[in-house]
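Here is a short briefing on charges, patches and contacts in one protein chain. Look at the structure first, then read the points below.

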Amino acid sequence: MNTLDARVLIREFFEEHGLVKQQLDSFNRFIEKDLQEIVSSIGGVKPDVEGLEVVFGKVHIKKPEVREADNSRHPVWPMEARLRKLTYEAPVYLEMSVVRDGVSEEPQNVYIGSIPVMVKSKICWLYGLDEEELVKHGEDPLDPGGYFIINGSERVLVAQEDLAPNRIIIKRGGTSTSITSTAKVFSTRAGYRVRIIVERKNDGTIKVSFPVVPGKIPFVIVMKALGLTRDQDIAYAVSSDEAVQQEVLMSFEEAEEVKTEEEALDYIGRRIAMRQPKKERIERAKYILDQYFLPHLGTRPEDRIKKAYFLADVARRLIELDLGLRDEDDKDHYANKRLRLAGDLLASLFRVT
C-alpha cells in the first residue's frame with residue numbers, strides 16, 4: 001500500500017466512523033448492557049427485618065430532562081443545558097419488588113438517581129437527527145458529540161491506559177525476595193474488577209491471594225475448594241508434562257492435611273468467618289469463591305470447575321517460566337494493554353456508588 005492509498009483509507013475511515021465513535025459505542029454499551037448487568041449481579045438487598053427482602057429488576061433510563069424549582073419536569077436539549085448552566089443528564093429508574101415471607105408484591109419503578117448523558121449517544125435528544133434538525137435546535141451539524149455537559153460546560157472523559165482484563169501476566173520475582181515468579185490477572189465483570197495474584201516461592205510452593213480473603217492461600221487448597229479434590233486430577237490440570245508435574249509436589253506436601261472439598265472450604269472460611277460455626281464458614285467460603293474469585297468466568301457454583309482449570313493454567317505458566325520453558329510477559333506491550341473508555345469508567349463508578 002502506497003502513501004496515497006493509506007491517506008484515502010484513513011480519510012474514508014474517519015468520514016464513516018468519526019473521531020469519537022469509540023467513546024459513543026462505549027457509552028451506549030454501558031447504557032444498554034452494563035447497567036443491567038451490574039444491577040442483576042447485585043440482585044437485591046436484605047434489610048435487618050426477618051422475612052423481608054427487596055429484589056431488583058429491570059433498569060429504565062429516560063431521555064434527558066430537567067426538574068424546575070416548582071418540581072415540574074420537562075425535556076432538556078444540549079443547547080438549553082449550555083445556556084442555563086445545567087447538567088445534561090437522564091433520570092434512572094429501577095424496578096423493585098418487596099418480598100415478604102416469600103410472597104412478592106407488585107414491582108414499582110423507583111427513581112434512583114441521574115446519569116450524565118453523552119451528546120449524540122442513543123439516549124441523547126440529538127441522536128439520529130439530520131443537519132436541518134440539528135441547526136433548528138441550535139447545534140453545529142459538524143459537532144461529533146462524544147462529550148458531556150456538566151453545569152453548562154462541555155467535559156470529556158479521558159481514556160485511561162490499563163492492563164488488559166482477564167489476561168494472565170507473568171513475570172520473574174526480584175532477586176532480593178523469596179518469590180521466583182508472579183502472575184497477575186485483573187478479572188473484570190460488569191464493572192467489577194478483582195486482582196488475583198499467584199506467586200511461586202523458591203521452595204516450590206504456590207500461593208494465591210485475592211481481595212476479601214486475608215493472607216495467601218496454598219494453591220492446592222484453592223483447587224480442592226473449587227472442586228478438584230484428587231491430587232492426580234490437579235497435577236494433570238496443571239500439565240501433562242512430567243517435569244512440570246514434579247514441580248507441583250511441594251504444593252501437595254504443603255496441603256497434605258486438607259484432603260476434601262469441605263476441608264478446603266473450611267480452611268478458607270476460617271480466614272473470613274473465624275468465629276462462626278463450621279457450616280456458616282463453608283457457606284461463606286463458597287460465596288466468596290463464586291463472587292470474588294475470577295468473576296469473569298462466572299458467579300454460579302457450577303462455574304467453580306472452570307476457575308480451577310484457569311488457576312491450574314496460571315500455575316503451569318509460573319512453573320514453565322521458572323524452568324526456562326517460556327519468557328515472562330511484557331506488561332508494556334500493546335497486546336497486554338487496553339484503553340478504558342467512558343462506558344467502562346462510568347460502569348466502575350456506578351457499581352461503587
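**Salt bridges, patches and contacts**

K224 and D231 form a salt bridge, with their closest N and O atoms 3.6 Å apart. The model is predicted. Its salt bridges come to 31 by the rule used here.

**Salt bridges, pair by pair**

- K224 is buried because its relative accessibility of 4% is under the 20% cut-off.
- Its partner D231 is partly exposed, at 37% relative accessibility.
- R304 and D290 also meet through their side chains in a salt bridge, at 2.8 Å from N to O.
- This pair links distant parts of the chain: R304 sits in helix α11 (residues 304–322) and D290 in helix α10 (residues 278–292), 14 residues apart.
- R304 and D290 are both buried.
- D303 and R300 form a salt bridge through their side chains, at 3.2 Å from N to O.
- D303 is buried, with a relative accessible area of 2%, whereas R300 is partly exposed at 46%.
- Salt bridges also link D313, R316, R317, E320 and R326 in a network.

**Surface patches**

- D130, E131, E132 and E133 form a negative patch on the surface.
- E133 belongs to helix α4 (residues 131–136).
- E133 counts as partly exposed because its relative accessible area of 34% lies between the 20% and 50% cut-offs.
- A nonpolar surface patch is made of I10, F13, F14 and L19. Together they have about 420 Å² of accessible area.
- F14 is part of helix α1 (residues 3–17). Its relative accessible area is 40%, and F14 is partly exposed.

**A buried leucine in a loop**

- L226 lies in the loop between α5 (219–225) and α6 (231–238).
- Is L226 buried or exposed? L226 is buried, because its 3% relative accessibility is under 20%.
- Beyond its neighbours within four places in sequence, L226 contacts L289, F293, R304, I305, K307 and A308.
- L226 and L311 are 85 residues apart in sequence, yet their C-alpha atoms are 9.9 Å apart in space.

**A buried aspartate in a helix**

- D266 lies in helix α9 (residues 261–272).
- D266 is buried, with a relative accessible area of 7%.
- Which residues does D266 contact, leaving aside its neighbours within four places in sequence? They are K278, R281 and I282.

Methods. Residues are numbered from 1 along each chain as its sequence is written. This is a predicted model: local features need pLDDT of at least 70, side-chain atom pairs count only at pLDDT 80 or more; totals for chains, interfaces and linings use all residues. Side-chain values use heavy atoms; hydrogens and water are left out. Patches are made of residues with over 30% relative accessible area and no salt bridge: like charges are joined within 9 Å, nonpolar side chains (Val, Leu, Ile, Met, Phe, Trp, Tyr) within 5 Å. Accessible areas come from the Shrake-Rupley method with a 1.4 Å probe; for residues, only the protein chains shown count as cover. A salt bridge is a side-chain nitrogen of Lys or Arg within 4 Å of a carboxyl oxygen of Asp or Glu. Lys and Arg count as positive and Asp and Glu as negative; His and the chain ends are not counted. The place of a charge is taken as NZ of Lys, CZ of Arg, CG of Asp or CD of Glu. Helices (H or I, at least four residues) and strands (E, at least two) are DSSP runs, numbered from the N terminus. Buried means under 20% relative accessible area, exposed over 50%, partly exposed in between (1.4 Å probe, protein chains only). Contact means heavy atoms within 4.5 Å.
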